[in-house]
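Biologist: Please take a close look at the salt bridges in this one and talk me through them slowly. I'd like to know where the partners sit and what surrounds them.

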Amino acid sequence: SPHSVLSWVQLHRNRTYGGFVDAVCDKAFVIPCWISLLHNVPESQYLKIFQYTALLCLILAETASGCIRFQAYFTAGGVPAPKVVGFDFSTSAVKADHIGKAKQTFEMVGTALFCLPLTRYGGLLCLLLAVPLAYESVRRKVKRRVIYVNGGSVKTFDNKTLKFWMQAK
């Protein structure tokens, strides 16, 4: 209705929805693709173990990353991380960084090359290069951050104070 006010949580979800759906759709595409590629690994190939290892590791890492993104999106406090000069309080659970972009590039190019018989080994190389990046991306998403807030300097308890405490949380 025109007289209703959205909560901080709903406003935050509306702002971050595009990035959330983009990341989840990437995973919804590549994970089934890799599962189907597991059935196409030739039986007599020399590098069969590397092909299975790369695909299985990427499937596990991207599944974990997707679960972390779902949890971060649906349990967010409703306020963005504070912007403080000299400190990086941003969370990579919802935002992609350079490692995530490089990982995604290696995964997509590697998957495309892996599908074609003539470029299978080039695709395998790209997928193998994506494995450590995928695990680093997941590690950064679950990394704990400690922020100390001085609560003694609060003179008035209003929405700005509450929003700051939620940002610090």
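Modeller: Let's get the helix labels straight: helices (H or I, at least four residues) and strands (E, at least two) are DSSP runs, numbered from the N terminus. This is a predicted model, so local features need pLDDT of at least 70 and side-chain atom pairs need 80 or more, while totals for chains, interfaces and linings use all residues. Numbering starts at 1 along each chain as its sequence is written, and side-chain values use heavy atoms, without hydrogens or water.

Now the backdrop. The protein chain has 5 helices and 0 strands. Of its 169 residues, 30% count as buried (under 20% relative accessible area; exposed is over 50%, partly exposed in between; 1.4 Å probe, protein chains only).

On to your charges. The whole structure has 5 salt bridges, each a side-chain nitrogen of Lys or Arg within 4 Å of a carboxyl oxygen of Asp or Glu. The part to zoom in on is a network of them that links Lys27, Glu62, Lys103 and Glu107.

Start with Glu62, which has two lysine partners to look at. Lys27 is one of them, with the closest N and O atoms 3.0 Å apart. That pair ties together distant parts of the chain, since Lys27 belongs to helix α1 and Glu62 to helix α2, 35 residues apart. Lys103 is also bridged to Glu62, and here the closest N and O atoms are 2.7 Å apart. Again distant parts of the chain are linked: Lys103 is in helix α3 and Glu62 in helix α2, with their positions 41 residues apart.

How buried is this group? Glu62 has a relative accessible area of 3%, which makes it buried. Lys103 counts as buried too, at 7%, and so does Lys27, at 9%. Glu107, which lies in helix α3 (residues 98-115), is buried with 2%.

The neighbours are worth a look as well. Setting aside residues within four places in sequence, Lys27 is in contact (heavy atoms within 4.5 Å) with Pro32, Glu62, Ser65, Gly66, Arg69 and Lys103. The backbone tells a similar story: the C-alpha atoms of Lys27 and Thr63 are 7.5 Å apart, although 36 residues separate the two along the chain.

With the same sequence neighbours left out, Glu107 touches Trp34, Leu58, Glu62, Leu127, Ala130 and Ala134. Three of those names come up again elsewhere: Trp34, Leu58 and Leu127 are among the residues with the most contacts inside the largest nonpolar core, which has 18 residues. Such a core is a set of buried Ala, Val, Leu, Ile, Met, Phe, Trp, Tyr and Cys residues joined through side-chain atoms within 4.5 Å. Helices α1 (8-38), α2 (48-74) and α4 (120-142) each give two or more residues to this core, and α1 gives the most, with 6.

For contrast, try the pair formed by Glu136 and Arg140, whose closest N and O atoms are 3.0 Å apart. Both lie in helix α4, 4 residues apart, or about one turn of the helix. Glu136 is partly exposed, at 22% relative accessible area, and Arg140 is partly exposed as well, at 30%. Put that beside Glu62 and Lys103, a pair that joins helix α2 to helix α3.
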